[in-house]
Amino acid sequence: MKSKVVLVPCLDYEEEHVYEALRAGVNLLGGLADLIRPEEKILLKLNLVRSAPLDRAVVTHPSIVGAFARILREVGYRSVSAGDSSGFGNPLKTMYDLGFAAELAKNGARPAEFREAVKTAYPEGIHAKEFMLSDAVVHADCLISMPKMKTHALEHITGAVKNQYGCIYGKNKAVGHTIYPSPESFGRMLVDLNRCVAPRLFIMDGIMAMEGNGPTSGDPVPMNVLLLSTDPVAMDTVFSYLVYLDPEIVPTNVYGQQMGLGTCDPASIELLTPEGELSLEEAQRKYGNPDFHVVRKKGKPKGIMGKISLFQRFRRHPYIIEEKCRRCGICTDSCPVEGKALTFRNGRQQPPVYDYRKCIRCFCCQEMCPHQAIEVKGR
């Protein structure tokens with residue numbers, strides 16, 4: 001059977017427009033009755049990587065969360081919460097500050113508290129056998145993933161598969177980057193994580209996406225679409241097509257198919273829209289953006305060559321834009337490497353300094369910087 005992905009155009013975040021678009025998308029997907037039982041505790045897993053103005057396109061937009069909570073309430077689901085374990089800051093405060101809590105309250109739902117880590121064995125894992133999951137994830141009966149359409153320095157894009165990394169509690173996410181430091185190993189771990197937590201449905205916010213220096217310091221760009229699917233790999237493949245990115249250079253797509261999570265084969269994807277079924281190429285021409293700023297070159301896997309200094313010299317690496325740096329120290333706190341690859345070597349009067357011999361190129365510093373002061377490029 002083909003994996004079904006629904007694409008619904010939506011031009012803005014106006015409440016009724018989003019509601020009608022999501023309702024149309026759910027209907028095209030076949031409804032919710034076969035996915036969720038009425039008595040289940042539902043957790044909407046958002047992308048709340050850190051607090052940021054909504055027009056920066058850093059987080060899943062609250063109007064989408066509110067509209068879907070409204071649909072769940074109208075269908076008859078009564079136990080609905082939403083949240084995330086942020087990379088930096090208090091996610092519960094972020095939900096109140098950015099309006100998520102108000103949107104949820106209007107529709108009988110509530111913010112979820114991610115309070116502690118629960119060591120969770122996953123013996124079926126191919127690459128990862130254990131995860132430190134947030135308690136809210138462990139205690140939910142049904143997980144619904146609501147990612148944001150964004151670029152990502154390590155994996156090219158952060159979409160449906162990558163969104164589940166927020167199921168890992170707190171600083172355990174930083175530790176994960178030291179255990180799985182390469183794009184390939186990190187991608188395989190993400191696939192196992194998705195198989196472990198098993199979201200039933202994925203709803204991607206692509207109305208306003210992020211290009212460039214994502215996932216937090218890039219530039220907003222309108223894509224004007226919402227995507228829905230039960231297959232995260234197929235969804236990310238459609239995302240790749242829409243931004244004219246070869247889906248086979250995205251590690252989570254390749255390993256997602258190899259490890260049985262989903263499909264990145266266009267022939268195995270059924271793409272539905274309110275106007276009828278489209279091929280991925282037709283959707284690309286109609287809804288895509290060929291100028292979307294994303295890294296289109298395939299990264300070289302780490303291995304023996306990764307230990308050769310000449311090769312190290314030309315690998316992509318993070319660097320600080322001095323005039324933008326406010327010396328807040330969030331980047332140094334985010335570095336997961338023991339002994340830190342990024343320190344205030346010259347005092348707080350100067351930006352932090354990298355020791356690239358220690359740097360594992362996880363780009364946590366770039367992801368967490370709230371001032372758009374860290375970029376990633378080849379040396």
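This is a short dialogue on how to read the overall build and the cysteines of a predicted model.

Colleague: Where should I begin with the fold, and how many helices and strands does the protein chain have?

Modeller: The protein chain of this predicted model has 13 helices and 17 strands. Its radius of gyration is 20 Å, close to the 21 Å that the globule rule gives for 379 residues, so the chain is as compact as a globular protein of that length. Along the principal axes, the C-alpha atoms fill a box of roughly 60 × 45 × 40 Å.

Colleague: What share of the residues counts as buried, and what share of the contacts joins residues 24 or more positions apart?

Modeller: Of the 379 residues, 59% count as buried. Among contacts with a separation of 6 or more, 73% are between residues 24 or more positions apart. As for the outside, the accessible surface comes to about 16,100 Å², and carbon and sulfur atoms account for 50% of that area.

Colleague: How many disulfides does the structure hold?

Modeller: A disulfide is a covalent bond between the sulfur atoms of two cysteines. This structure holds zero disulfides. C325, for instance, is in no disulfide, and the nearest cysteine sulfur, that of C331, is 6.2 Å away.

Colleague: Why is the sulfur of C369 not bonded to the one in C328?

Modeller: The sulfur in C328 is the closest cysteine sulfur to that of C369, but the distance is 6.2 Å, which is too far for a bond, because a disulfide needs the two sulfur atoms within 2.5 Å.

Colleague: Are C325 and C369 buried or exposed?

Modeller: C325 counts as buried at 13% relative accessibility, and C369 is buried with a relative accessible area of 5%.

Note on methods:
Residues numbered from 1 in each chain as written. Predicted model: local features only at pLDDT ≥ 70, side-chain atom pairs only at ≥ 80, totals over all residues. Heavy atoms only, no water. Helix = DSSP H or I, 4+ residues; strand = E, 2+ residues; numbered from the N terminus. Rg over C-alpha atoms; globule rule 2.2 N^0.38 Å. Buried < 20%, exposed > 50% of the residue type's maximum accessible area, 1.4 Å probe, protein only. Contact = heavy atoms within 4.5 Å. Areas by Shrake-Rupley, 256 points an atom, 1.4 Å probe, with all protein chains shown as cover.
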